[in-house]
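Student: Could you take me through one part of this model closely, and then follow the side-chain contacts and metal sites that can be described around it?

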Amino acid sequence: MLLFLMLAGCGQRGELQATGPVPIPKENPQTPEKIELGRILFFDRRLSGDGTMSCATCHVPEMGFSDNQALSLAYPTTKSWRNTQTLVNIAFAKALFHDGRVSSLEEQAGHPVLSPFEMNRNLDYVEEVLRSVPEYVSLFRKTFGNDDISKEQMALALAAFQRTLVSRNAPLDKFLNGDKGALSADAQKGLAIFQGKGRCIECHHGVNLSDNRFYALNVPENPRFVDDPRVAATRRFVAKINGYKKFKTLDVDPGRYLVTKDKKDWRAFRTPTLRDIARHGPYMHNGIYATLEEVIDFFDRGGGEKNGVLQPLGLSPEEKRQLKAFMTDALTGDEIIVRMPKLP
Ligand code: HEC
Ligand code: HEC
């Protein structure tokens, strides 16, 4: 009921769209030099405090640009508290991170470098490290036409590279462009459930199968928060630095609430893309579900305890199987192959 009111409020019913042009911000045009510099930086472990982590350590190209962990890998001796998001189709996302706390890839790039449980490195120091490497001096000069080597330029290059990670030629794209044979019979039935009885389309629509909005589905908490005090320490730390007063007794992930301090955002997370979903798991912001079957069962039950958003769906085992076939077969595009460059 609530969901219908909200949809009526925003006045649009979602539809699926084939992949079209990738949105590129005017302030950061794509150039081959910039994309290549971004690719090199993405793999360079100099960006982390002890030289063990690069962006690609957690966003592994061969693992759907994620890391196959429920809770993300982390800086040595620390633990992370959330699942590593895929970077596939990140150019289409309107708010970044599970809680949408940053709004552009340019703004995002510094966050993992600074985070004590991700790369743990001072950004001004990174500038000087890069300036000490002659190959970087010439790569930055070739890309930006000056000798600045700034953290801002580093962010521009990382963003440009990430905008090339686009899922293309998925069977769904061919199907939406008129090739009705592109989907198997099961996947077509799954698509009908996705758009009908399953109501997935209400939130998962557009090119990226995401409405870029936030919902508190009350996904169960990951037991690792209880089992591993370091995971709980990370949760308290993030809540504390975001001004949450009762961080000491916190026993759930507050989600978008930490960004807006608005009660309706308590435990709310961004609708994720479903493109290439078969290439990375576990699923949800805390990796609580290892398989798509478990995710489908969660939605079939009407989501987590006392959520005001979802209702039980009453899907049969056959319908669940078809829904899964739609997600795994129709939404998997050409593999995005990114090789590790030769590092300076
Ligand atoms: C230690 C593991 C780790 C490393 C290293 C890491 N990330 Fe991430 N990344 C994550 C996790 C976990 C999230 C989700 C965090 C959250 O929502 O609080 C994330 C989220 C993101 C997002 C947002 C995706 C979305 O769908 O909104 C982008 C973009 C991103 N990372 C890019 C990078 C870049 C660029 C680097 C290197 C400078 C990097 N990451 C390094 C683990 C990592
Ligand atoms: C009310 C909006 C809404 C509806 C309806 C909805 N979803 Fe989602 N979906 C979300 C949100 C929000 C998340 C992220 C939850 C989290 O991380 O805790 C999510 C997560 C997922 C994920 C995990 C993706 C990942 O990368 O971790 C899958 C798969 C998924 N949904 C499939 C479906 C299917 C299939 C349906 C229909 C049966 C459906 N969703 C209905 C909002 C919705």
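What follows is a close look at one helix, and then at ring pairs, metal sites and charged pairs.

Tutor: The model is a predicted one, and a good place to begin is helix H8, which runs over residues 151-162. Its 12 residues reach 16 Å from the first C-alpha to the last, close to the 16 Å expected at 1.5 Å a residue. The helix is mostly covered, with 9 of its 12 residues buried, namely Gln 153, Met 154, Ala 155, Ala 157, Leu 158, Ala 159, Ala 160, Phe 161 and Gln 162. These buried residues pack against helices H2 (32-43), H3 (55-58), H4 (105-108), H5 (110-114), H6 (123-131) and H7 (134-144).

One of the buried residues of H8, Phe 161, leads on to the aromatic contacts, since ring pairs link Phe 42, Phe 43 and Phe 161 into a cluster. The structure holds 11 aromatic pairs. Among them, Phe 42 and Phe 43 form an edge-to-face pair, at 5.7 Å centre to centre and with 75° between the planes, and both of these residues are buried. Another edge-to-face pair is formed by Phe 117 and Phe 237, with 6.5 Å between the centres and 90° between the planes. This pair links distant parts of the chain, for Phe 117 lies in the loop between H5 and H6 whereas Phe 237 belongs to helix H12 (residues 229-241), 120 residues apart. Phe 117 counts as buried because its relative accessibility is 11%, while Phe 237, at 28%, counts as partly exposed.

Two rings also have a charged group over them: Lys 180 lies over the face of Phe 175, at 4.4 Å from the ring centre, and the charged end of Arg 256 sits over the ring of Phe 214, 4.0 Å from its centre.

The loop between H3 and H4 holds His 59, whose NE2 atom is the only protein donor of the iron atom of ligand 1, at 2.1 Å. For the iron atom of ligand 2, the only protein donor is NE2 of His 204, also at 2.1 Å, and His 204 lies in the loop between helix H10 (185-195) and strand E1 (214-215).

Turning to charged pairs, the count comes to 23 salt bridges. One of them joins Arg 275 to Asp 173, with the closest N and O atoms 3.1 Å apart. It links distant parts of the chain, with Arg 275 in the loop between strand E2 (269-270) and helix H14 (292-300), and Asp 173 in helix H9 (residues 171-176), 102 residues apart; both partners are buried. In the salt bridge between Glu 221 and Arg 235 the closest N and O atoms are 3.8 Å apart, and here Glu 221 lies in the loop between E1 and helix H11 (224-227) and Arg 235 in helix H12, 14 residues apart. Glu 221 counts as partly exposed because its relative accessibility is 22%, whereas Arg 235 is buried, with a relative accessible area of 5%. A further salt bridge pairs Asp 276 with Arg 279 at 3.2 Å between the closest N and O atoms; Asp 276 is buried, at 2%, and Arg 279 is partly exposed, at 28%. Salt bridges also link Arg 82, Asp 99, Arg 101 and Asp 253 in a network.

Key. Residues numbered from 1 in each chain as written. Chains lettered and ligands numbered in written order. Predicted model: local features only at pLDDT ≥ 70, side-chain atom pairs only at ≥ 80, totals over all residues. Heavy atoms only, no water. Helix = DSSP H or I, 4+ residues; strand = E, 2+ residues; numbered from the N terminus. Expected span 1.5 Å × (residues − 1). Buried < 20%, exposed > 50% of the residue type's maximum accessible area, 1.4 Å probe, protein only. Contact = heavy atoms within 4.5 Å. Donors = N, O, S within 2.8 Å, 3.2 Å for Na, K, Ca; no water. Phe/Tyr/Trp six-rings, centres within 6.5 Å; stacked < 30°, edge-to-face > 60°. Lys NZ or Arg CZ within 6 Å of the ring centre and 35° of its normal. Salt bridge = Lys/Arg side-chain N within 4 Å of Asp/Glu carboxyl O.
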